[in-house]
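Take a moment to look over the chain before reading on, and follow the strands and helices with your eye as each one is named below.

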Amino acid sequence: MGTVVNAKTALVLSAGGIFGAYQAGVWKELSAYMQPDLIVGTSAGALNGWAIAGGCPPEELIRYWTDESAANFLRRRTPMVPWRGYFDPDSFSKQVREWFQKFRPRLPIGIVLTDALRLRPVLVRSEEITWEHLAAACAIPIVVPPVRIGGRWYVDGGLLDVMPVWAAAEMGASTAIAVNALPVLPSRVLRAGAKAIRWIRPKGPGGGTMEVIRIAPAQSLGTLEESVRWSRENVLRYVEQGAADARRVMAAQLSGRDWHSRVLQ
C-alpha cells in the first residue's frame, strides 16, 4: 500500500473501569514507536486519553493508576443508597475534576458519552470538553449517577459502544489503534442487558473503511467486582498484561505489513 496523503492515525481507548490500567501498560509500549494524530476515548479510556493528549508520560500514567488515590474514583457509598448510585458521587466528581485540571490537550481528542434518554452516542471534541463531559463519559449506569449537561442527562459512553472506533473515523482518522480493555463484559447479566440496549437503540455510526489495529487481552482481565474495585496487585497485573499484548501486536505488525512505518513510527 502506498503512502496515504494526509493520513491520520488515531489512538482509540475503550471503556473498562479499573481495567483502564491495562491501557496504561499498552501505551508504555506504543509510545516508543508511535505518536497518534488524535485520540478518542470513552469511560476509563476518556480519562487515559485526556492524560495522553495532555502529554502525560507513560510512566506517570502508570503511577496514577497504581497509586491508592485511584480508588477514589469508585469509592463505595456509606451508607448504601442504591437509587443514587453505589459509589460516592462526591469522591468520583472530585477525582475527575482533579484529573481534568492536571492536563490540557496538545493533540485533538474526542470523548464519547451516551445521551441517556435518547440512547444515542455523543462525540465531544477538544475545546468543547469540560470536566462534566469527562465525568459523564465515566458515569457507569446504576454505579454512578448520570451527569446533567445543557439540560440533558449523560452516562458512560461504553453503554452503547465499548470501543468507539467510529468516532475516530468521524474525526478524520484513516487508521486506528484500538485498545480494548473490555472485549467481554465480565457478567452474563451485563452482557444480556447491554445486548438488549444496543438492540433497541437507534442505529449508530459505523467506522467506514478505516484500518483498525486491535490490542486486547485474550480473555477477561477479571470479574465484575474487580472491574470497579481498586487493588494495587491487580492494577499492576493489568499494566503488565497490557504491555505484553502491545509487544505481541507490534511484533506482528512489524513482521511484514508495508504500511507499518506510517503507523508505528
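Two strands are said to pair if DSSP finds at least two bridges between them. With that in mind, we can walk through this model, which is a predicted one, beginning with strand E1 (residues 9-13). E1 and strand E2 (residues 38-41) pair in the parallel sense, and 4 bridges connect them; at one point along this pairing, Leu13 stands opposite Gly41 in E2. To get from E1 to E2, the chain passes through helix H1 (residues 21-30), and the β-α-β crossover made in this way is right-handed.

E1 also has a partner in strand E7 (residues 175-179), to which it is joined by 5 bridges, and these two strands run parallel as well. Within E7, Val179 is the bridge partner of Leu13, while Ala178 is the bridge partner of Val12. E7 in turn pairs with strand E8 (residues 211-215), again in the parallel sense and over 5 bridges, and here Ile177 has Ile213 of E8 as its bridge partner. These strands belong to a chain that has 10 helices and 8 strands.

Is strand E1 open to the outside or enclosed by the rest of the structure? Of its 5 residues, 5 are buried, so E1 is largely enclosed by the rest of the structure. In a regular strand the side chains alternate between the two faces of the sheet. In E1, Thr9, Leu11 and Leu13 are buried on one side, and Ala10 and Val12 are buried on the other, which leaves both faces covered. Strand E7 can be read in the same manner: 5 of its 5 residues are buried, so E7 too is largely enclosed by the rest of the structure. Its two faces are both covered, with Thr175, Ile177 and Val179 buried on one side and Ala176 and Ala178 buried on the other.

From the strands we can turn to the nonpolar residues of the interior. In soluble globular proteins, nonpolar side chains tend to be buried together. Here the largest nonpolar core has 68 residues, and those touching the most other members are Leu11, Leu30, Leu61, Trp99, Ile111 and Leu134. The element that gives the most to this core is helix H2 (residues 44-53), with 7 residues. Apart from this core lies another, of 16 residues, which includes Leu38, Val40, Val112 and Ala178. To see one set of contacts in detail, consider Leu61, which, if residues up to four places away in sequence are not counted, touches Ala24, Trp27, Asn48, Ala51, Ile52, Cys56 and Trp99.

Cys56 leads to a further point about the cysteines. A disulfide is a covalent bond between the sulfur atoms of two cysteines. With a limit of 2.5 Å between cysteine sulfur atoms, the count in this model comes to 0 disulfides. Cys56 is nevertheless buried, with a relative accessible area of 5%, and Cys138, at 7% relative accessibility, also counts as buried.

Finally, consider the chain as a whole. Of its 265 residues, 54% are buried, and the chain exposes about 12500 Å², of which carbon and sulfur atoms supply 53%. Among the contacts with a separation of 6 or more, 76% are between residues 24 or more positions apart.

Terms used: Residues are numbered from 1 along each chain as its sequence is written. This is a predicted model: local features need pLDDT of at least 70, side-chain atom pairs count only at pLDDT 80 or more; totals for chains, interfaces and linings use all residues. Side-chain values use heavy atoms; hydrogens and water are left out. A nonpolar core is a set of buried Ala, Val, Leu, Ile, Met, Phe, Trp, Tyr and Cys residues joined through side-chain atoms within 4.5 Å. Buried means under 20% relative accessible area, exposed over 50%, partly exposed in between (1.4 Å probe, protein chains only). Contact means heavy atoms within 4.5 Å. Accessible areas come from the Shrake-Rupley method with a 1.4 Å probe; for residues, only the protein chains shown count as cover. A crossover is right-handed if, with the strands pointing away from the viewer, the path from the first strand over the helix to the second runs clockwise.
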